[in-house]
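Me: Could you walk me through this structure, with the cut-offs spelled out as we go?

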Amino acid sequence: MFSVDPDCFRNERVPAKNLLVIAGRLGSNTRQSGEILVNGSKQRLTFGTSAYVTQDDTLMTTLTVREAVYYSAQLQLPDSMSRSEKKERAEMTIREMGLQDAMNTRIGGWSVKGLSGGQKRRVSICIEILTRPRLLFMDEPTSGLDSAASYHVMSRIVKLARHDGINVIASIHQPSSEVFEVFHNLCLLSSGKTVYFGSASMAKEFFDSNGFPCPALRNPSDHYLRTINKDFDSDTEQGHGGTTSTEEAINTLIKSYKSSETCQQVQSRVYEICQLKGGLLEKKGSQASFITQCLVLTRRSSVNMYRDLGYYWLRLAIYIALCLCVGTIFYDIGSSYGSIQARGSMLMFVAAFLTFMAIGGFPSFVEDMKIFGRERLNGHYGVGAFVVGNTFSSIPYLLMISLIPGVIAYYLVGLHKGFEHFVYFALVLFVCMMLVESLMMIVASVVPDFLMGIITGAGIQGVMMLCGGFFRLPNDLPKPFWRYPMYYIAFHKYANQGFYKNEFQGLTFPNNQAGGPSTITGEEILQNVWQVETGYSKWVDVAILFGMVVLYRLLFLGIIKTVEKVKPIIKGLMVASPEKSKQVIEKPPSSRYLHEAKI
């Protein structure tokens, strides 16, 4: 086991960046120098060979501990394992992390109090050790744990490492003396420079020999950090009652380490590994199949949507309230000449403003995206499985919030009689709901912050409403940009035209215009009043809307895939053009290499 202590840096998140470098997850805004070799050769750390426990516990708050770990086991473990074996592995892992008494407790979030911060931390560890990876990266695994829980968690990780041949690389936050003793190797860095890298038990002797002995009854890890932490630029105590500045102490230790026998042994070992060119890390089993991943993600997402009040239930209540308002304002609209404008206004409100409210579920979807981002980086499943699972799990709820409010609005207003007309009305409303959710998925992939995402999504829909053919009739729209192409890009065009065709075709209204016929047909209203394209069926409008749903979902998938492909290219350009880099991380020679060694 190898530790990197975070408090010995001027920037607290430097150790996390070092872990990100080694794990191959460095952001595109950071340039990396040096090489990362595993067993002396460059190789990609694929699923089954490595796992990363992040400092932030990104978990699905509506699930219980048992459900969270079991769903993850179904996603990660191969189909060759039976369901009972996966369940047994999940429960065994939960017991190993001491969470057996909280198995049926929900993780908890803003609406429901659940696990403590320390318990959430252990759930995150459970999820990543299910596959028993060869390399386990842990960013401050004891954050939020008391000293006793920290010791027991780290002790069990050591036992797992020994039993399953796992190599653990961790940054550790304020370890107690008992926790510090479980680490085999220690790396101390200051401003990116190696102060010490070697056996954790020999670090005390190293500091003693350089005139910085650890006082009696002091935690060795606390002493090391106090000696090399220059955030406060205070004097450091030396032996025999003397003091020196922190900067001088760090320089002394760095120079001493470079000339030490420990450093020479590390360099020699690195050279031997590079010459031997050890074998590639073998994957410990494959993932679940794509079909299994889709089914599991659909089930998990359905449970989350059912339990999360903000996902669909709150929206259902708001939709019912809005449709009651619409139904009472336009109640029993009748067939007078004035009802033509009233029908068009009511249908436009449904197509535009009612579907606009679909952005209300964006914050919940952003939380799903965070979980997806963590699980995708760890190789649990791909973008395709996530899109399929999210799509199928949302369909029942979208049908519910389309049918129940739709019935209220349609029959209170007294729109075109006939069950087939109501079915079409509800179908268009359902497809529009799904289309707006697909649009917000694209927004979430580009703007991950939920507040900025809501503003962006609202702005996009506002522009679409303006050129959808109601506020400004199609023939009156300025042809450059607004008529071509925006009018045809806005989904409101097809929603409005589908609603209008469904409502007005087959109806006759009295004509109040002087000099005209006594009645006016629905077809004439469509052509002359609303300027609807009547050359094709209303079902074509539904088909176009459905095609836009598929297109938007494919765009979301494409954006995620493109980002995956473009990021390495950006990294390469930044290495070639260092002057454009925002941050530079240079790995010290002694920590550039990983060697697969059984603990």
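**Surface and rings**

Reply: Happily! The protein chain exposes about 26900 Å², and carbon and sulfur atoms supply 59% of that area; accessible areas come from the Shrake-Rupley method with a 1.4 Å probe, and for residues only the protein chains shown count as cover. This is a predicted model, where local features need pLDDT of at least 70, side-chain atom pairs count only at pLDDT 80 or more, and totals for chains, interfaces and linings use all residues. Residues are numbered from 1 along each chain as its sequence is written, and side-chain values use heavy atoms, leaving out hydrogens and water.

Me: How are the rings of Tyr306 and Trp313 paired: stacked, edge-to-face or tilted?

Reply: Rings of Phe, Tyr and Trp (its six-membered ring) pair if their centres lie within 6.5 Å; planes under 30 degrees apart are stacked, over 60 edge-to-face and the rest tilted. The structure holds 31 aromatic pairs. In Tyr306 and Trp313 the centres are 6.0 Å apart and the planes at 80°, so this pair is edge-to-face.

Me: Is Phe425, which pairs with Phe499, buried or exposed?

Reply: Phe425 and Phe499 form a tilted pair, 5.2 Å centre to centre with 35° between the planes. Buried means under 20% relative accessible area, exposed over 50% and partly exposed in between (1.4 Å probe, protein chains only). With a relative accessible area of 2%, Phe425 is buried.

Me: Which ring does the charged end of Lys501 sit over?

Reply: A charge sits over a ring if NZ of Lys or CZ of Arg is within 6 Å of the ring centre and within 35 degrees of the ring normal. For Lys501 the distance to the centre is 3.6 Å, and the ring belongs to Tyr536.
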